[in-house]
Amino acid sequence: MDAEAVVTLFGRCEVDYEGRASSYLGPGDRLVVLKPDGTLLVHKREQRTPVNWQPPGCDHHAELVDGQLQVVSDRSNPDEHVEILFEEIHALVRYDAEDVEELELTGTEEDLRQRILDDPSLVEAGFEAEETEYQTDAGAADIVGTDAEGHTVVVELKRRRVGPKAVGQLKRYVDAVRRTEDEAARGILVAPSVTDTAHELLDEEGLEFVSLEPSGRGSSRCLRGCPSAFPSPRRSTPRRVRGDRT
């Protein structure tokens, strides 16, 4: 730790925490990670989230207590203290790690939005994007435009596989537009994929789904529910979305 190495320990240990609250974790086999920036992570055999942790800026030290290794992590603001006492150590590894690169994030919702603005036909043939972040009574819809018949289309974008929550969000936007703009407004959820439950809910609500990757990989395909699930087209003149055309 003094050499600013990354240290990992795997063994049977118990963990005591005192700080804004207090906790005790009885003996069990766990993975402990100590990072040179002061981060401490204690992982159990399942789940991705550590069961105990300390943020960067903490001070770590280790000592032998009655022949057992004790690792201590202290934080001053707020005052927090973690003690990890090992009954057995199965592995202890020191890494002189070098890693200076910054994370370059790709595949964001903005990438997905730009793909559609550059080529609106990815949503469907004849679709025209007219406005982004369009304010409705239910919140801001990602993209609003018109279809080949001139009806309003509300497009909700998600950069990863989604479930029923995203369908509910789209439905609220569509309902708001139907109340104030166009009774025949449609809703299309655009994401790489949806769960089976979300797909069923799309069918029930008369909404549509287009599979599209933010990064440009993969083809676009539109999955629609039973045609009878969609509202019958009204022939009243739709109210176009106001604002600058994108």
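# Group meeting: a walk through a predicted model

In this structure, helix 2 and helix 3 pack against each other at an angle of about 25°, and their axes lie 8 Å apart. That angle makes helix 2 roughly parallel to helix 3, and the crossing of the two helices is right-handed. Before I go further, please keep in mind that what we are looking at is a predicted model.

Let me stay with this pair for a moment. On the side of helix 2, the residues that take part are Pro-164, Val-167 and Lys-171, and they meet Thr-197, Ala-198, Leu-201, Leu-202 and Glu-205 in helix 3. If we sort that contact by class, helix 2 and helix 3 together bring 5 nonpolar, 1 polar and 2 charged residues to it.

Now to helix 2 itself, which runs over residues 164–180. How far apart should the ends of its 17 residues be, at 1.5 Å a residue? The expected span is 24 Å, and the end C-alpha atoms of helix 2 are 25 Å apart, so the model agrees with the expectation.

Which residues of helix 2 are buried? They are Ala-166, Val-167, Gln-169, Leu-170, Tyr-173, Val-174, Ala-176 and Val-177, and you will notice that Val-167 is also one of the residues that meet helix 3. The cover over these buried residues includes helix 3, at residues 196–205, together with strand 8 (128–136), strand 9 (139–146), strand 10 (152–157) and strand 11 (186–191).

With that part in view, let me step back to the whole chain. There are 3 helices and 13 strands in the chain, and of its 246 residues, 40% count as buried. If we take the contacts in the chain with a separation of 6 or more, residues 24 or more positions apart account for 50% of them.

The remaining helix, helix 1, covers residues 109–118, and Arg-113 lies in it. Is Arg-113 buried or exposed? Its relative accessibility is 11%, and it therefore counts as buried, the cut-off being under 20%. Apart from its neighbours within four places in sequence, Arg-113 is in contact with Thr-132, Glu-133, Asp-142, Ile-143 and Leu-157.

One of those partners, Glu-133, deserves a second look. Glu-133 is found in strand 8, and it has a positive phi of about 50° although it is not a glycine. At 39% relative accessibility, Glu-133 counts as partly exposed.

Another arginine, Arg-159, sits in the loop between strand 10 and helix 2, and with a relative accessible area of 34% it is partly exposed. Arg-159 and Glu-109 are 50 residues apart in sequence, yet their C-alpha atoms are 5.2 Å apart in space. Not counting residues up to four places away in sequence, Arg-159 touches Gly-107, Thr-108, Glu-109, Pro-192 and Pro-214.

Let me turn now to the earlier part of the chain, beginning with strand 2, residues 22–34, where we find Arg-30. Arg-30 counts as buried, at 5% relative accessibility. Among the residues that Arg-30 touches, leaving out those up to four places away in sequence, are Leu-9, Phe-10, Glu-14, Val-42 and His-43. Between Arg-30 and His-90, which are 60 residues apart in sequence, the C-alpha to C-alpha distance is 10.0 Å.

Leu-69, in strand 6 (residues 68–75), also counts as buried, at 18% relative accessibility. Beyond its neighbours within four places in sequence, Leu-69 has contacts that include Leu-9, Ala-62, Leu-64, Ile-84, Leu-85, Phe-86 and Leu-92. Leu-85 is 16 residues away from Leu-69 along the chain, and the C-alpha atoms of the two are separated by 6.0 Å. Leu-9, then, appears among the contacts of Leu-69 and among those of Arg-30.

I will close with two details of the backbone. Where does the model place a cis peptide bond? It joins Asn-77 and Pro-78, with omega about 0°, and Pro-78 is found in the loop between strand 6 and strand 7, the latter at 80–95. The other detail is Gln-47, in the loop between strand 3 (40–43) and strand 4 (52–54), which has a positive phi of about 70° although it is not a glycine. Gln-47 is exposed, with a relative accessible area of 70%.

Note on methods: Residues numbered from 1 in each chain as written. Predicted model: local features only at pLDDT ≥ 70, side-chain atom pairs only at ≥ 80, totals over all residues. Heavy atoms only, no water. Helix = DSSP H or I, 4+ residues; strand = E, 2+ residues; numbered from the N terminus. Expected span 1.5 Å × (residues − 1). Buried < 20%, exposed > 50% of the residue type's maximum accessible area, 1.4 Å probe, protein only. Contact = heavy atoms within 4.5 Å. Axes fitted to C-alpha atoms, helices over the stretch in contact; angles between N-to-C directions. Parallel < 35°, antiparallel > 145°, perpendicular 65-115°, else oblique. Left-handed = near helix turned anticlockwise from the far one by under 90°. Nonpolar A, V, L, I, M, F, W, Y, C, P; charged D, E, K, R; others polar.
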